[in-house]
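Hi everyone, thanks for coming. Please have a look at the picture I'm putting up, and then we'll walk through it together.

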Amino acid sequence: MKEYIAKCVSELDWSKVEAQPITECAWSPNKAPAASVKAVFLDGKALVFRVESYAPPTRAENTEPDSPVYQDSCLECFFSFDGKNYVNLEGNSKGALLCATGSGRHGRQALRTMGIVLPELTAQVWEKGWCAQFTVPVETVCALWGRSVAKGDRFFANFYSCGDKTPSPHYASWNPIDTP
């Protein structure tokens with residue numbers, strides 16, 4: 001699995017951050033819209049991910065926190081600092097966020113139930129696409145891994161563009177997936 005090394009910045013300027021394409025399609029019955037991800041450490045404050053889809057969202061029905069947004073046009077980040085436990089952040093174009101932590105696909109715990117500072121999702125739609133920006137405060141990283149984030153930190157990650165119940169169901173990832 002590829003590691004991601006996020007650039008350390010004092011202010012967000014996405015034009016100065018290289019986009020990584022999301023191109024692996026292990027499960028897709030249909031072609032996934034083109035998508036990419038960028039990530040930065042925002043000067044001791046947060047880890048920020050920006051995932052972009054270069055096609056307009058075709059479904060956005062889930063609106064409640066921790067609802068099944070993966071059914072909608074969805075952009076996702078999964079990341080870990082220890083390679084064992086990870087956080088998954090999943091969002092749709094209406095700004096609904098599903099966020100949990102765990103060591104596998106099953107039995108994850110919603111961050112909302114843990115009494116910690118929650119990540120934030122900002123979604124933006126434009127004529128030919130949309131993006132999900134996930135902001136993970138340093139306090140959240142400290143609570144989950146007992147550490148802060150700093151320049152040069154590496155983390156394990158995968159990023160997705162998916163949509164289980166969209167008119168054209170699709171699943172694309174940054175890292176290859178070898179799981180049914």
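In which strand is the place of Ser161? Ser161 sits in strand E12, which covers residues 154-163. Before we go on, please keep in mind that this is a predicted model.

Let's stay with Ser161 for a moment. Is Ser161 buried or exposed? Ser161 has a relative accessible area of 2%, and the cut-off for buried is under 20%, so Ser161 counts as buried. Now, who are its partners? If we skip the neighbours within four places in sequence, Ser161 is in contact with Ile22, Pro33, Ala35, Cys74, Leu75, His170, Tyr171 and Ala172.

Now let's step back to the whole chain. How many helices and strands does the protein chain have? There is one helix, and there are 13 strands. If you trace the chain from the N terminus, the order is β-β-β-β-β-β-β-β-β-β-β-α-β-β.

What about overall dimensions? A compact globule of 180 residues would have a radius of gyration near 16 Å, and the protein chain has 15 Å, which agrees. Its C-alpha atoms fill a box of roughly 40 × 35 × 30 Å along the principal axes. Buried residues account for 48% of the 180 residues.

Here is something about how the chain folds back on itself. Take the contacts between residues at least 6 apart in sequence: 60% of them join residues at least 24 apart. As for the surface, the chain exposes about 8800 Å², and carbon and sulfur atoms supply 49% of that. There are 18 positive and 20 negative charges, and their mean positions are 3 Å apart.

Next stop, the helix. Which residues of helix H1 are buried? In H1, residues 138-145, the buried ones are Val138, Thr140, Val141 and Trp145. Looking down the axis of H1, these buried residues fall within an arc of 155°, so they line one face of the helix. What do they pack against? Their partners are strand E5 (46-53), strand E6 (74-80), strand E7 (86-92) and strand E11 (129-137). Right after H1 comes Gly146, with a positive phi near 65°.

Speaking of phi, let's look at two aspartates. As background, most residues other than glycine have a negative phi. Asp43, however, has a positive phi near 25°. Where does Asp43 lie? You'll find Asp43 in the loop between strand E4 (35-42) and E5, and Asp43 is partly exposed, with a relative accessible area of 45%. Asp66 is not a glycine either, and its phi is also positive, about 60°. Asp66 belongs to the loop between E5 and E6, and with a relative accessible area of 26% Asp66 is partly exposed.

Now for some residues on the outside. Gly115 is in the loop between strand E9 (109-110) and strand E10 (120-126). With a relative accessible area of 73%, and with the cut-off for exposed at over 50%, Gly115 counts as exposed. How far apart are the C-alpha atoms of Gly115 and Glu52? They are separated by 30 Å, and the two residues are 63 residues apart along the chain.

Ser103 is in another loop, the one between strand E8 (97-102) and E9. Its relative accessibility is 59%, so Ser103 is exposed too. Which residues does Ser103 touch, not counting those up to four places away in sequence? Ser103 touches Lys84, Asn85 and Tyr86. From Ser103 to Pro21, the C-alpha atoms are 25 Å apart, with the two positions 82 residues apart in sequence numbering.

To finish, let's go back inside with Tyr4. Tyr4 lies in strand E1, residues 3-5, and Tyr4 is buried, with a relative accessible area of 5%. Beyond its neighbours within four places in sequence, Tyr4 is in contact with quite a list, including Glu18, Gln20, Val37, Lys38 and Ala39. Further along in sequence, the contacts of Tyr4 include Asp153, Arg154, Phe155, Ala157, Phe159 and Trp174. Tyr4 and Phe134 are 130 residues apart in sequence, and their C-alpha atoms are 16 Å apart in space.

So, when you turn the model yourselves, try finding Ser161 in strand E12 and Tyr4 in strand E1. Thanks for listening!

Notes
Residues numbered from 1 in each chain as written. Predicted model: local features only at pLDDT ≥ 70, side-chain atom pairs only at ≥ 80, totals over all residues. Heavy atoms only, no water. Helix = DSSP H or I, 4+ residues; strand = E, 2+ residues; numbered from the N terminus. Rg over C-alpha atoms; globule rule 2.2 N^0.38 Å. Buried < 20%, exposed > 50% of the residue type's maximum accessible area, 1.4 Å probe, protein only. Contact = heavy atoms within 4.5 Å. Areas by Shrake-Rupley, 256 points an atom, 1.4 Å probe, with all protein chains shown as cover. Lys, Arg positive; Asp, Glu negative; His and termini not counted. Charge placed at Lys NZ, Arg CZ, Asp CG, Glu CD. Arc of directions from axis to C-beta.
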